[in-house]
Amino acid sequence: RPWVALAESLAGFGVHLLREPMAEITVASSAGLETKAMQVHALVGALRASADGEADINAINAPGQAADRGWAVTGRVLPGKDEPKRIAVTLRAGKQVLTVEGTHTPHYGSRVTRLDGFDVDFRPEGRFLVTRHRDVPGVLARITAALANHKVNVANVSLARDHANGTAMAVIQVDGAVPVAVRDELRGADAILEAHRVRVLG
């Protein structure tokens, strides 16, 4: 059960970061995990995120609903013998290609370990603000100030960057919800390239 739940969470998280409607999903999983099950449950997560939790979606009807949307769906086994095992969900939407990767261990539970090329570490559950921004002083303070001004409490933060003074990513888990006004304010800031509200359904 933890692995199919992880597949759902990875796909659902990624859908919230897409700039256009999704067209294709590829699910790659380590040897020893049931490829078809990972694929189907990734569809469940992607569909629930696309419907914002409003539709009745499960492992039985997910493949049909994905076909109705015209999604191309593929699955494969990752090469090598990973330990711990991992799942990588790749979403395609227009020219955007985004991969969300994660793992599960008995001690640490499920974690997202890589997000769109950035090394991260967080539990894929709850509500988040995700930003891609220039790696310059003051940006993180600007982001947390926007949340504080709307009385949104920060629970956890995962930060990553490609190189010094390059591009960075912040994955900020919050208590409650991220207001649309916060997202829109940050999208208008010079140093912030993208800002997304994410909700991972339990």
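In this predicted model, Arg92 is partly exposed, with a relative accessible area of 36%. Its salt-bridge partner is Glu24, and the closest N and O atoms of the two side chains lie 3.7 Å apart. Because Arg92 belongs to strand β3 (residues 86-93) and Glu24 to strand β1 (residues 24-29), the pair ties together parts of the chain that are 68 residues apart in sequence. Glu24 is likewise partly exposed, at a relative accessible area of 26%.

Strand β3 also takes part in a second salt bridge, for Arg86 pairs with Glu101, with 3.0 Å between the closest N and O atoms. Here the link runs between β3, which holds Arg86, and strand β4 (residues 96-105), which holds Glu101, and the two residues are 15 apart in sequence. With a relative accessibility of 16%, Glu101 counts as buried because the cut-off for that class is under 20%, whereas Arg86, at 24%, counts as partly exposed.

A further pair is found along the chain, where Arg111 forms a salt bridge with Asp121 and the closest N and O atoms are 2.9 Å apart. Arg111 sits in strand β5 (residues 109-115) and Asp121 in strand β6 (residues 118-122), so that the bridge links parts of the chain ten residues apart. Arg111 counts as buried at 18% relative accessibility, while Asp121, at 45%, is partly exposed. Elsewhere, Arg19, Asp116, Arg132 and Glu194 are joined into one network by salt bridges that share partners. The search of the whole structure finds ten salt bridges, among them the pairs described here.

From these charged pairs we can turn to helix α2, which covers residues 35-50. How far should its 16 residues span at 1.5 Å a residue, and how far apart are its end C-alpha atoms? The expected span is 22 Å and the end C-alpha atoms are 23 Å apart, which agrees.

The helix is mostly covered, since twelve of its 16 residues are buried. The buried residues include Ala37, Met38, Val40, Leu43, Val44 and Leu47, and also Gln39 and His41. Against which elements do the buried residues of α2 pack? Their contacts reach the helices α1 (2-15) and α3 (62-68), as well as the strands β1, β2 (72-77) and β3. Two of these strands have already appeared above, with β3 holding Arg92 and β1 holding Glu24. Just after the end of α2, Asp52 takes a positive phi of about 55 degrees.

How values were computed. Residues numbered from 1 in each chain as written. Predicted model: local features only at pLDDT ≥ 70, side-chain atom pairs only at ≥ 80, totals over all residues. Heavy atoms only, no water. Salt bridge = Lys/Arg side-chain N within 4 Å of Asp/Glu carboxyl O. Helix = DSSP H or I, 4+ residues; strand = E, 2+ residues; numbered from the N terminus. Buried < 20%, exposed > 50% of the residue type's maximum accessible area, 1.4 Å probe, protein only. Expected span 1.5 Å × (residues − 1). Contact = heavy atoms within 4.5 Å.
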